[in-house]
Structures are given as structure tokens and as C-alpha cells.
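Me: I should like to look closely at a single part of this protein. Please take me through the part and its surroundings in one connected account.

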Amino acid sequence: MTLEGQRLVCSYGPTRALGGVDIAAGGGEIVAVVGPNGAGKTTLLRALSGERRPDQGEVLLDGSPVSGADPGWRGRVGLVSHRAGLYRKLTVAENLNFFAALHGVPKARDAVGPALETIGAATLANTRVEALSRGQSQRVALARSLLHDPDILFLDEPFTGLDPAAAAALESTLRARRAAGSVIVLVTHDLRRGLGLADRVVVLRRGHKVHDGETGGASAADLLRYFTVGDPS
């Protein structure tokens, strides 16, 4: 299984967030996307996942174009973004039951417990979302993204707000998904964690890819120089 973004261009009014970015990720691989603020990392993740249609370029799965408008594609994707996307007045379990049913998960209620246990949040099942901390909401959003056993995971700063135990549980979960053959694309500001977790790292700056390579032997200092050195256009 291979996911590719080819010559992806995305603009917001006069601001070009992505200026023709190529990226690829294979099954059984974690790709970390890093870069300074405003580099286009979140926009790239949105374009790849189908949440945002690129102005130019296309997203391919095993060589065939995919679209966020296609229910079949959405059913293969799990996305964790800056927005938790949860209904605040409902409990955690009610939220996850709803999203599991939305994805057509057989025996939706039976999927909720294991998803919460995977990220160490089983005790939150009967808590209303409005009472959750930022880190707890993040855990529930992660559980939601795993409910339908997606082939492809897109994660935008998933470690934000997590305590060490929850962060360790997430790392374990991502490694297990990689071992099962999933494609995982991870946006993170934590260079050391990205290097320790990912197989490859992509650096964006001002909407352009300035580095794409294996993580073996690389250091955070190596990556930081790509944040400022050279002309990304």
C-alpha cells in the first residue's frame, strides 16, 4: 500500500500554503512531517486526508486518485486534527458510539471499550466531553480515529496535552499500527520524538519540501538547519 501526494498546491486567498509538494508514505511506515510555524504542515495533512481539496495536484493510493468526497476513502482514513471534533454535551461513550455507527462499524458499542483502552482512557467513558481536560479530549479524539480500524492514519500534533503515560500509550499504539501495515503520517513539533518514532522525516518550510530522508543517524540539530537555511522555492 502506497500513499502519494503529487505536486500539491493549496492557497488561502493570496497566501500560498503549499507550493507543489510531493510526498509518499508506504504501508508499515511512519512518516513525520516537521517544520517551523506556517510551513504548511497542517495544510498538507488536510490535503492528504481529503479534508481539504488541493487547488492543484492529486492524492493517490496505490496509483489511483482518491478524494475526500468518496465514502470509501473516508472509511479507510483516521484523522486527528487540532479540533477534537466531539459533541461537548454527550459523554465520551456516546460520542464514540455515534462515530462508530457513522463509519458502519459492526457492533459499534463493542468497539468503544477497546478503542478507549488502547489509549488508556477507559475510565473516561461516562464523562461528558465538556468536563474533559485538553489532554483527555486528545485521548478521546485518538480513540475515535481508531474505531473503524483505518488503513491510514493522519495525526496533527497528537502528543499535545498528553501526560507521559498517555504519550507512551500512543507511541505503542502507533508502532503496533505500523507493524500491522498501516500508513501513518504524523505532524509534530517535537523533533526528538519524531526522529525516535518515524522511519522517515519530511521538512517543510514556507510551503515547500526542503528535506525528505530516513531518520536513521539524523539528529534534531540536523533537521533544525533545514528550518532556516537555503531558499525553499
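How many of the nine residues of helix α1 (residues 41–49) are buried?

Reply: Seven of the nine residues of α1 are buried, and the helix is therefore classed as mostly covered. Buried stands for under 20% relative accessible area, exposed for over 50%, and partly exposed for the range in between, with a 1.4 Å probe and protein chains only. This is a predicted model, with residues numbered from 1 along each chain as its sequence is written. Local features need pLDDT of at least 70 and side-chain atom pairs pLDDT 80 or more, totals for chains, interfaces and linings use all residues, and side-chain values use heavy atoms without hydrogens or water.

The covered positions of α1 are Lys41, Thr43, Leu44, Leu45, Ala47, Leu48 and Ser49. Ser49 is thus on the buried list, and just after the helix Gly50 adopts a positive phi of about 95 degrees. Helices (H or I, at least four residues) and strands (E, at least two) are DSSP runs numbered from the N terminus.

What covers the helix can be followed through two sheets. One is an open sheet of four strands, ordered β2-β1-β4-β5, with antiparallel pairing. Its edges are β2 (15–26) and β5 (64–65), each of which pairs on one side only. Helix α1 packs on this sheet and touches β1, β2 and β4 (56–61), while its direction makes about 125 degrees with that of β1. Contact requires heavy atoms within 4.5 Å; angles, from 0 to 180 degrees, lie between N-to-C directions of lines fitted to C-alpha atoms, for helices over the stretch in contact. Within the sheet, β1 (residues 2–12) and β2 run antiparallel and are joined by nine bridges; strands pair if DSSP finds at least two. Thr2 faces Gly26 of β2 across this pairing.

The other is an open sheet of six strands with mixed pairing, in the order β6-β7-β8-β3-β9-β10. Here β6 (77–80) and β10 (208–214) form the edges, each paired on one side only. Neighbouring strands in this sheet are turned by 15 degrees against each other on average, with direction ignored. Helix α1 packs on this sheet as well, touching β3 (29–34), β6, β7, β8 (183–187) and β9, and its direction makes about 155 degrees with that of β7. Helix α5 also packs on the sheet, through β6 and β7, and its direction makes about 170 degrees with that of β6.

Among the strands that α1 touches in this sheet, β9 deserves a closer description. Six of the six residues of β9 are buried. In a regular strand the side chains alternate between the two faces of the sheet. In β9, Arg200, Val202 and Leu204 are buried on one side, and Val201, Val203 and Arg205 are buried on the other. Strand β9 pairs with β3 in the parallel sense over four bridges, and Val33 has Val202 as its bridge partner there. Towards β10, β9 (residues 200–205) runs antiparallel and is joined by six bridges. Val202 has Asp212 as its partner in β10, and Val201 has Gly213. The hairpin of β9 and β10 has two residues between the strands, and Arg206 takes a positive phi near 50 degrees in it.

In summary, α1 has seven buried residues and packs both on the four-strand sheet, through β1, β2 and β4, and on the six-strand sheet, through β3, β6, β7, β8 and β9.
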